[in-house]
Amino acid sequence: CTRALELNGASAKAYLRRGLARKGLGRFAGAIADLERALKLVDSSKHAQVERHLEACEAARDKHAKAELKSASYSSSAAAAAMAKNAAAPTKMTRMAITEDDDDEDEEEDDAADKPVV
């Protein structure tokens with residue numbers, strides 16, 4: 001459609017088809033712009049059809065924006081709830097003593113294992 005519009009920028013059909021394709025891809029701003037342009041170029045017999053497509057595209061854009069807002073709100077509130085839960089949970093810690101064992105025999109065996117046998 002873009003190529004057709006490069007050849008003939010006054011093609012209502014090309015604007016309509018590109019607008020519908022962009023709507024299907026979720027590119028609502030470009031779709032609405034194309035459908036508005038098609039609405040200006042189309043003859044009166046097709047005016048109502050293009051207008052319905054434009055209204056459907058605007059409704060889809062609004063529905064998509066509302067779903068994104070709801071999703072963002074849910075994920076941020078879920079993250080905040082998880083953080084609050086983790087902050088309120090008591091931390092259980094265990095003390096552990098670390099001592100060094102001075103067993104020279106183990107070190108000599110380890111050194112012997114590292115040397116190649118000839």
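## Packing of α2 and α3 and the nonpolar core

Helices α2 and α3 pack with their axes 8 Å apart, at an angle of about 155°. The model is a predicted one. Since angles over 145 degrees count as roughly antiparallel, α2 and α3 are therefore roughly antiparallel to each other. Their crossing is left-handed.

On the α2 side, the residues that meet α3 are Ala-12, Tyr-15, Leu-16, Arg-18, Gly-19, Arg-22 and Lys-23. The α3 side of this contact consists of Phe-28, Gly-30, Ala-31, Asp-34, Leu-35, Arg-37, Ala-38 and Leu-41. Sorted by class, the contact of α2 with α3 has eight nonpolar, five charged and two polar residues.

The chain that holds this pair has five helices and zero strands. From the N terminus on, the order of elements is α-α-α-α-α. The chain has 118 residues, of which 16% count as buried. Taking contacts between residues at least 6 apart in sequence, 38% join residues at least 24 apart.

The residue ranges of three of the helices are as follows.

| Helix | Residues |
|---|---|
| α2 | 12–25 |
| α3 | 28–41 |
| α4 | 47–88 |

Which helices each supply at least two residues of the largest nonpolar core? This core has 13 residues, and the helices in question are α2, α3 and α4. The most is given by α3, with six residues. Within the core, the residues with the most contacts are Leu-16, Leu-35, Ala-38, Val-50, Leu-54 and Cys-57.

Leu-16 belongs both to this group and to the α2 residues that meet α3. Leaving aside neighbours within four places in sequence, Leu-16 is in contact with Leu-35, Ala-38, Val-50 and His-53. Among these partners, Leu-35 and Ala-38 lie in α3 and take part in its contact with α2. Leu-35, Ala-38 and Val-50 are also listed among the core residues with the most contacts.

Gln-49 offers a further point of reference in α4, the helix of residues 47–88. Is Gln-49 buried, partly exposed or exposed? Its relative accessibility is 32%, so Gln-49 counts as partly exposed; the buried class requires a value under 20% and the exposed class one over 50%. Leu-39 is ten residues from Gln-49 along the chain, and the C-alpha atoms of the two are separated by 9.2 Å.

Terms used. Residues numbered from 1 in each chain as written. Predicted model: local features only at pLDDT ≥ 70, side-chain atom pairs only at ≥ 80, totals over all residues. Heavy atoms only, no water. Helix = DSSP H or I, 4+ residues; strand = E, 2+ residues; numbered from the N terminus. Buried < 20%, exposed > 50% of the residue type's maximum accessible area, 1.4 Å probe, protein only. Core = buried A, V, L, I, M, F, W, Y, C linked by side-chain atoms within 4.5 Å. Contact = heavy atoms within 4.5 Å. Axes fitted to C-alpha atoms, helices over the stretch in contact; angles between N-to-C directions. Parallel < 35°, antiparallel > 145°, perpendicular 65-115°, else oblique. Left-handed = near helix turned anticlockwise from the far one by under 90°. Nonpolar A, V, L, I, M, F, W, Y, C, P; charged D, E, K, R; others polar.
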